[in-house]
Amino acid sequence: MRKARNGLAIKGRAGAFLRIAAVLLVAGLLSACAEVKETKDTLFQTSTINALLEGVYDGTLTYGELKKHGDTGIGTFDALDGEMIGFNGMFYEIKADGVAYAVDDSMKTPFAAVTFFEPDKSTAIGSLPDYKALEEYLDRQLPTKNIPYAIRIEGTFSYVKTRSVPAQKKPYPPLVEVVKNQPVFEFHTVRGTIVGFRLPEYMKGLNVPGYHLHFLTEDKKAGGHLLECSIRKARVEIDFLTKISLALPEQAEFYKIDLSKEKQGEVERVEK
Ligand SMILES: [Zn+2]
């Protein structure tokens with residue numbers, strides 16, 4: 001009798017344990033779902049464009065961590081060592097030699113923006129003569145200029161011009177000084193992918209308002225920050241974003257710099 005009771009007691013305890021485990025499992029699944037919902041249609045970015053302009057180039061977030069917030073995006077690397085483009089969960093570093101390298105999860109970024117790309121709109125386009133025509137075409141596809149958009153364009157380009165930036169040494173010069181010596185690359189009749197964002201004017205100071213696009217060749221060997229392009233034929237995909245998540249660096253350089261200045265003129269000089 002006693003034995004049986006003990007047996008029962010154990011069963012009771014084991015049952016309670018299983019019930020608690022089940023509750024924890026369900027809670028875990030629910031919070032995982034909540035996390036997925038939170039990241040959907042979210043622009044996640046680390047640091048701010050004005051901090052980058054001021055020379056805050058020390059990487060603070062690993063690419064392993066960044067990948068938890070998106071599979072598609074653009075950015076740069078620790079010490080400003082090149083341009084980043086990512087899509088389909090794969091991230092690439094285009095260094096100052098113009099060559100694209102696969103990004104390791106342990107590498108860090110001082111500034112990047114990503115999202116889990118789910119296009120809300122997809123169109124096929126024929127030839128577009130230049131970057132300006134592309135911007136005008138994209139603008140016509142958008143329901144409003146007041147939300148962020150992630151953009152992916154895959155196709156054949158008759159011409160592409162990109163740039164990258166060389167890794168910097170401390171004390172870091174401001175970005176306007178770095179881009180004075182930026183290496184520029186040209187491609188003729190090339191297949192590849194453009195990835196980037198169109199952000200609202202009200203995001204200035206945080207990121208680049210308007211279009212900011214990067215390019216990678218189809219063979220994933222070259223690319224950079226897009227300066228000019230002529231499209232022959234392409235598929236354009238646009239993801240309408242409704243949330244912004246900003247991760248600020250917990251770092252002395254970021255805490256020390258003066259971020260009260262208006263720097264839109266500098267943004268235009270470094271991006272174009
Ligand atoms: Zn760029």
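**Entry 1: helix H4**

I began with the surroundings of helix H4, and found that its buried residues are covered by elements that include strand S9 (121-125), strand S10 (149-163), S12 and S13. The model I am reading is a predicted one, which I keep in mind throughout these entries. Listing the buried residues of helix H4 (residues 131-141), I noted Tyr131, Ala133, Leu134, Tyr137, Leu138 and Gln141. They lie on the same side of H4, because the arc they cover around the axis is only 160°. On the face turned away from that buried side I found Lys132 and Arg140, both exposed. As a reminder to myself, residues three or four places apart in an α-helix point the same way, because there are 3.6 residues a turn.

**Entry 2: helix H7**

I then asked which residues of helix H7 (residues 264-271) are buried. The answer is Gln264, Glu266, Val267, Val270 and Glu271. Looking down the axis of H7, I saw these buried residues fall within an arc of 155°, and so they line one face of the helix. Against them pack helix H2 (49-53), S10, helix H5 (175-178), S12 and S13. S10, S12 and S13 are thus listed for H7, and I had already written them down among the elements that cover the buried residues of H4.

**Entry 3: the zinc ion**

Because S12 and S13 kept coming up, I looked at the metal next, and asked which residues coordinate the zinc ion. The donors are His212 (NE2), His214 (NE2) and His225 (ND1), at 2.0 to 2.1 Å. In sequence I read their spacing as H-x1-H-x10-H. The pair His214 and His225 links distant parts of the chain, with His214 in strand S12 (residues 210-217) and His225 in strand S13 (residues 223-240), eleven residues apart. I also checked whether these two are buried or exposed. His214 is buried, at a relative accessible area of 1%, and His225 is buried as well, at 2%.

**Entry 4: the open sheet and strand S1**

Turning to the sheet, I traced seven strands that form an open sheet with mixed pairing, in the order S6-S5-S4-S3-S8-S1-S14. Its edge strands are strand S6 (100-102) and strand S14 (243-247), each of which pairs on one side only. On average, and with direction ignored, neighbouring strands of this sheet are turned by 20° against each other.

I followed strand S1 (residues 42-46) to its partners, and found that with strand S8 (residues 112-115) it pairs in the antiparallel sense over three bridges. Phe44 has Val114 as its bridge partner in S8, and Thr46 stands opposite Ala112 in that strand. With S14, S1 pairs in the parallel sense over five bridges, and there the bridge partner of Thr42 is Lys243.

How many of the residues of S1 are buried? Five of the five are, so the strand is largely enclosed by the rest of the structure. Both of its faces are covered, with Thr42, Phe44 and Thr46 buried on one side and Leu43 and Gln45 buried on the other. I set beside this the general rule that side chains in a regular strand alternate between the two faces of the sheet.

**Entry 5: confidence**

Last, I looked up how far the model can be read, and noted a mean pLDDT of 91 for the protein, with 86% of its residues at 70 or more. Over residues 1-10 pLDDT stays under 50, and for this stretch the model has zero contacts beyond four places in sequence.

Definitions and conventions: Residues are numbered from 1 along each chain as its sequence is written. This is a predicted model: local features need pLDDT of at least 70, side-chain atom pairs count only at pLDDT 80 or more; totals for chains, interfaces and linings use all residues. Side-chain values use heavy atoms; hydrogens and water are left out. pLDDT is the predictor's confidence in each residue, from 0 to 100. Contact means heavy atoms within 4.5 Å. Donors are N, O and S atoms within 2.8 Å of the metal (3.2 Å for Na, K and Ca); water is not among the atoms, so sites may look incomplete. Helices (H or I, at least four residues) and strands (E, at least two) are DSSP runs, numbered from the N terminus. Buried means under 20% relative accessible area, exposed over 50%, partly exposed in between (1.4 Å probe, protein chains only). The arc is that of the directions from the helix axis to the C-beta atoms. Two strands pair if DSSP finds at least two bridges between them. Axes are lines fitted to C-alpha atoms, for helices over the stretch in contact, and angles run from 0 to 180 degrees between N-to-C directions.
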